[in-house]
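Student: Could you take me in for a close look at the annotated active site here, and then walk me out from there to the rest of the chain?

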Amino acid sequence: MIHAYPKLDSSDQDVLGLIRSLRTELKYQVSINPIRWTGFLRRNTFARALQGSNSIEGINANLAEAVAIVDDERPETLEEETIRALNGYRTAMTYVLRLHDDPHLVINAQLIRSLHFMMLNYDMTKLPGQWRNGPIYVVHEPSDETVYEGPDAELVPGLIEELVAQANSLPDVDSSMVLGAMIHLNLAMIHPFKDGNGRMARALQTLILARKGVVAPVFCSIEEWLGRNTESYYKILAETGKGKWSPQNDALPWVRFCLIAHYQQAITLKKRNAQIGRLWEAIDKMTTALKLNERVQLPLMDAAFGYKVRNLRHRTENDISEVVASRDLKELCDQGLLKPVGEKRGRYYVAGDTIADLRAKFADKTKAANPYDLVSGKAKASQLTLPV
């Protein structure tokens with residue numbers, strides 16, 4: 001027995017309706033954007049999901065470092081083990097996002113074990129791809145208190161088979177968001193691996209969402225939101241688990257927590273899409289006035305968001321020679337739009353003062369409301385309440 005798909009009430013259905021409307025709107029907005037604009041939003045969103053999910057496990061990187069990992073670069077500021085952990089997660093999540101529209105996809109125990117191996121093969125002591133062979137406890141590190149005990153190890157294979165059956169019930173349920181929440185909850189509570197259970201639970205949730213998503217798979221994830229709200233995330237899991245494997249416990253509060261996350265993350269993506277649009281328009285006007293080639297807009301966007309600009313990425317994105325790329329970047333430095341850092345092969349570029357000011361200028365500081373307050377009339381849709 002595992003936690004069952006809960007019975008939703010009218011407020012839950014109303015919140016699902018709000019989220020679906022937001023996603024339909026986001027799909028339209030993304031579809032009318034220029035390809036480079038959309039690509040920038042996807043890359044930014046993927047990097048934030050990678051950053052958020054791993055930060056929950058104490059694997060920390062700033063956004064620029066996470067973007068470098070997404071770009072298959074090696075951030076000099078991160079330790080080797082952190083880089084390997086982030087690369088493993090990136091590989092697994094890239095595979096998850098690739099699978100979303102595969103008509104031959106079957107979610108089974110072996111897929112779960114394979115994804116786990118991709119994530120954790122940087123450390124064989126964590127037994128990547130293998131079920132745990134003994135008891136497992138979740139310990140609250142500040143107090144050294146055991147807050148959860150998983151089911152006996154011999155129960156794991158059978159419980160995973162139940163989870164697999166639940167994951168493959170997608171055609172028979174009314175919401176992939178609710179099903180994804182249940183898959184996340186059940187894997188986290190079964191705790192089938194020695195390590196990496198949280199990352200695996202979040203990855204499987206994203207896979208369920210992506211298979212029936214209205215928007216592109218990378219925009220379905222709530223991993224960024226969970227990373228921003230780690231304390232609340234741990235608290236609701238603890239309240240649902242109540243200290244030990246108890247699948248009879250009510251999962252509806254956990255599902256509602258996830259629906260709040262979906263709504264607020266969708267608002268964040270809408271705001272970010274609008275911010276990118278305003279930024280791109282400003283950079284377009286600037287480069288046009290300076291008679292610069294249109295291809296330099298992307299490195300300026302990267303710089304505006306605090307990412308390192310490198311010759312290799314610029315020439316790869318635009319299919320140009322190293323000489324042309326170097327000339328472009330030198331011209332941007334001459335105009336004061338970029339600043340060079342380092343020498344020769346290690347050189348990269350950061351935003352000049354004019355570009356550095358743009359992101360803050362166009363930032364949306366409003367926050368997104370709790371959707372349950374919206375549907376109950378306690379808040380207005382215009383009162384938005386989530387961190388940028």
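Tutor: One caution before the site itself: UniProt positions are given in the numbering used here, and annotations may be inferred rather than shown by experiment. With that in mind, the unreviewed UniProt entry lists H191 under "active site". Keep in mind too that this is a predicted model.

So where does H191 sit? Look at the loop that links helix 7 (176-190) to helix 8 (197-211), and you'll find H191 there. Being in a loop doesn't put H191 out in the open: its relative accessibility is 15%, and buried means under 20%, so H191 counts as buried. As for company, once you set aside neighbours within four places in sequence, H191 is in contact with R132, I136, V138 and N197.

Take the region before strand 1 next. L127 belongs to the loop between helix 5 (109-120) and strand 1 (137-140). Check its backbone: phi of L127 is near 55°, a positive value in a residue other than glycine. Most residues other than glycine have a negative phi. L127 comes out as partly exposed, because its relative accessibility is 22%.

K242 has a backbone of that kind as well, with a positive phi of about 55° although it is not a glycine. Its place is the loop between helix 10 (230-241) and helix 11 (252-289). K242 counts as exposed, because its relative accessibility is 60%.

Now swing over to the N-terminal segment. H3 lies before helix 1 (10-31), and at 1% relative accessibility H3 counts as buried. What covers H3? Leaving out residues up to four places away in sequence, H3 touches a long list, including M182, L185, N186 and M189. Others on that list are T240, W245, S246, P247, N249 and A251, and Q166 is there too. Going the other way, H3 and L18 are 15 residues apart in sequence, yet their C-alpha atoms are 26 Å apart in space.

For another buried spot, try F40 in helix 2 (residues 35-55). F40 has a relative accessible area of 2%, so it is buried. Apart from residues up to four places away in sequence, F40 touches I276, W280, L298, M301, D302, F305 and Y307. Compare S321: F40 and S321 are 281 residues apart in sequence, and 22 Å apart from C-alpha to C-alpha.

Stepping back to the whole chain, you're looking at 16 helices and four strands. The radius of gyration is 22 Å, close to the 21 Å that the globule rule gives for 388 residues, so the chain is as compact as a globular protein of that length. Along the principal axes, the C-alpha atoms fill a box of roughly 65 × 50 × 45 Å. Buried residues make up 55% of the 388. Of the contacts between residues at least 6 apart in sequence, 68% join residues at least 24 apart.

On the outside, the accessible surface comes to about 17,800 Å², and carbon and sulfur atoms account for 51% of that. The chain carries 48 positive and 47 negative charges, and the mean positions of the two sets are 5 Å apart.

Back to where you started, then: H191 is the listed position, buried at 15% relative accessibility, in the loop between helix 7 and helix 8.

Definitions and conventions
Residues numbered from 1 in each chain as written. Predicted model: local features only at pLDDT ≥ 70, side-chain atom pairs only at ≥ 80, totals over all residues. Heavy atoms only, no water. Helix = DSSP H or I, 4+ residues; strand = E, 2+ residues; numbered from the N terminus. Rg over C-alpha atoms; globule rule 2.2 N^0.38 Å. Buried < 20%, exposed > 50% of the residue type's maximum accessible area, 1.4 Å probe, protein only. Contact = heavy atoms within 4.5 Å. Areas by Shrake-Rupley, 256 points an atom, 1.4 Å probe, with all protein chains shown as cover. Lys, Arg positive; Asp, Glu negative; His and termini not counted. Charge placed at Lys NZ, Arg CZ, Asp CG, Glu CD.
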